[in-house]
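User: Please take a close look at the metal sites in this model. I would like the ligands, the geometry and the surroundings in one connected account.

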Amino acid sequence: MKPAAPPKSARFLRVNGVVQGVGFRPFVHRLAQRLGLSGWVRNVAGTVEIHLEGPEAQVDAFERSLRADAPPVSRIDGLQSTSVVAGGVDGFSIIQSADADGVRPVPPDVGTCSSCEAELFDNTDLRFRHPFITCTDCGPRYTIIDELPYDRERTSMKAFVPCPRCATEYATPTDRRFHAETIACHACGPRVWLEDTAGYERGVGETAILLAATALRVGAIVALRGLGGFHLAVDATNDAAVRRLRERKLRDAKPLAVMVRTLADARAIADVSAREAALLCSSARPIVLLHPRDDAMLSSALAPGLDRLGVMLAYTPLHHLLLDAVARVLVMTSGNLGDEPIAIGLDEGRDRLRSLVDLFLLHDREILSRCDDSVVRVVGAHEVFMRRARGYAPVPVRLPVSAPQPIIAVGPHLKNTFTLVRGDEAFVSPHIGDLEGTEALDHWRQAYDRFRALFRIEPTVAVRDLHPGYLSTRVAEELGLSRIIAVQHHHAHIAAAAAEHGVTTPVVGLAFDGTGYGDDGNVWGAEVLVADLSGYRRAAHLRYVALPGGDLAAHEPWRVALGYEALAGAQTQSFGLAYYGVPLSTRVGVGQQLSRGVNSPLASSMGRLFDAAAAVLGVRRHASFEGQAAMELEALAGDLAATPLPFPIIEQGGMLILDPLPMLIALGEGRQHGVDVTLLAARFHESIAFAASEVARRVATDAGIDTVALGGGSFQNARLLASIERRLGEARLRVLVARRLGPNDGAISYGQAAVAAWRMVHE
Ligand code: ZN
Ligand code: ZN
Ligand code: FE
């Protein structure tokens, strides 16, 4: 006897999150077909709508699988499910996108997936060794999308007309490349060629890749047009070649990242924990800061003085092919001179990089949005962003308050990002860089115009830093918007950390960084604030020190030591090592500058305190980039157990002042008495962690607050972060640390946006 047909039910689902451009509709289609359901799926603004008809049990199974088996890059933030009346739909189809005026997410770029990687090296496959193999689960997105909705004709893939075979796969529901907008093969995809610096073509396709690999193996520097911009590649095992790259790029000490093809290759050069492995292999494929192995046989010029090396896995098919052919670890550093924005255009790359490289490995798929590699490190159980860009941007971060009008928060002066806001969605740009020089400004404006067009947001309110003289302030003013809101730098740091966690009640904020303009006109950088999104009160700070030469002090740590020595009153013998190698006449001149108060701004900067300690310990008197001394001290300290040195907290007119002078003197004396510098570096870290936690605890108790938010670039120091988190935890305080954005200035624009949105709602 034939069983009775099960009762038929119909359901309407609305899914939001990262659900467009990540193979979600094809996945829904396959799932519905597998379960024998009829209906349709479509994109509507930022959401996916699904109509299902079929047996109740199957519809339930669909909902479960939707969450459990969703494509790896997608992220379901919300799923609404409603029972509806069955309309007798036949079959299942993907129907036309309805372009409502809602929030429009743009998917991030996705590293080559394992299926595509397998096909790339399978000589029976149609796309064997095709440098542009992709599928619905992987490939470029943000960097090639011109407009939404995300369809091929609105990307830079529109220049490549799919061949009949690709077109068939695109239209076949059971195919992995069903609706893969970036589908391509040898017959129809972009092409690769090798060019010399005079512009002559040296080879095409496979030949180009093999010739580039051969050149790399003998020490050549190759400019590689990648996904979000140009890279400069060189053999990381060739010391002379790495040094030549540094000379040409005018980058004498900043660490250089390397790329390897597989996780096994990464394990051959560095220690990789399970969490680090997951990050390396994640679809975002960030640079992960790893502890290099002693037997790695890499150039010693990659990360001089540091105990971490930036490692990433190949994330495009072209990387896979090149690394496979070279069979060496490659340096992959951004294609620029010094700190300029990375080059993206063909002619731009040729012009700007010709003097730096020996060869160009190029392709003809345009890069529409510049996007640097992201940099992440694992601290304890969490990951901390050093730089958030490719693979993460421009996925929105939620604000705890909905902005009544669209906002552009222009971000800080250094390590700039900007944030566009509509409602409670904050679209944080990828890393832009320092806003100094016309190239950086042009880059900022281009990126801003592109973001506005992509997300269709026309801001009416601009948010800027308090500093009247920064280029970012000029940028905000030149936008000509009806309203400009100014937000203090360290308030923005704390607001960013709190807002990301949805916290709008007052917190104690520890804002530790290099520099930010204070509301008293001084240079702030080690601030304890009682803050919420509406405002802040400065409850404590590091004792002010005069910095002779101002900004110059960030590059000459010995000057900071001299500033602290002036606080000590008399010549302090213990600071002697700080000036080793500094000509006496220079030191005397700078000393006079200090005593007359000429160009010697007052600073309460944590970054400069690290500089002073590095100088006093004889570790570094001149720095080639800001933060170098701090990174070296962290590397020296490692995880050596140590106790704090004296670091008194003094009350002055209702304000708590942290005085580091006794600690600096103790460091200098210890060093002169032959105490190991690694132990002193460790004690230095513990001193700061102890004093910071102690002051946070006191301020929290006085204010009746149980939550502490940490913000500022100093929290990229893993030892400092871990020690402060542990100490605050022991004091039973809840600790908020940036997770989706980094603690450094890359999060400032988001914090500015959070403060502005709150003020607009509550004024
Ligand atoms: Zn793929
Ligand atoms: Zn094709
Ligand atoms: Fe900062």
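Analyst: The account below takes one metal site, then the other, and ends with some neighbouring secondary structure in the sequence.

The model is predicted. The iron ion (ligand 3) has four protein donors: NE2 of His489, NE2 of His493, and carboxylate oxygens (OD) of Asp513 and Asp745, at 2.1 to 2.2 Å. Along the chain these donors follow the spacing H-x3-H-x19-D-x231-D. His489 belongs to helix α13 (residues 489-500), whereas Asp513 belongs to strand β22 (residues 507-517), so this pair ties together parts that are 24 residues apart in sequence. His489 and Asp513 are both buried. The two histidines are separated by the x3 step of the spacing. Residues three or four places apart in an α-helix point the same way, because there are 3.6 residues a turn.

The geometry of the iron site is irregular, because the angles subtended by its four donor atoms run from 87 to 166°. A tetrahedral assignment would need all angles to lie between 85 and 135 degrees. The upper value of 166° is outside that range, so the iron ion (ligand 3) does not count as tetrahedral. Water is not among the atoms, so sites may look incomplete.

The zinc ion (ligand 2) is held by sulfur donors: SG of Cys163, Cys166, Cys185 and Cys188, lying 2.2 to 2.3 Å from the metal. The spacing of these donors is C-x2-C-x18-C-x2-C. The angles among the four donor atoms of the zinc ion (ligand 2) are 102 to 117°, and the site is tetrahedral. For four tetrahedral donors the ideal angle is 109.5 degrees. Cys163 has 13% relative accessibility and therefore counts as buried. Cys166, at 0% relative accessibility, also counts as buried.

As for the secondary structure, there is an open sheet of four strands in the order β19-β18-β20-β21, with mixed pairing. Its edge strands, each pairing on one side only, are β19 (419-428) and β21 (483-487). From one strand to the next the twist averages 60°. Strands β18 (residues 397-409) and β20 (residues 461-465) run parallel and are joined by three bridges. Ala409 has Val463 in β20 as its bridge partner. Helix α11 (residues 438-455) packs on this sheet, where it touches β18 and β19, and its direction makes about 150° with that of β19.

How values were computed
Residues numbered from 1 in each chain as written. Chains lettered and ligands numbered in written order. Predicted model: local features only at pLDDT ≥ 70, side-chain atom pairs only at ≥ 80, totals over all residues. Heavy atoms only, no water. Donors = N, O, S within 2.8 Å, 3.2 Å for Na, K, Ca; no water. Tetrahedral: all angles 85-135°; square planar, octahedral: opposite > 155°, others 65-115°. Helix = DSSP H or I, 4+ residues; strand = E, 2+ residues; numbered from the N terminus. Buried < 20%, exposed > 50% of the residue type's maximum accessible area, 1.4 Å probe, protein only. Pairing = 2+ DSSP bridges. Axes fitted to C-alpha atoms, helices over the stretch in contact; angles between N-to-C directions. Contact = heavy atoms within 4.5 Å.
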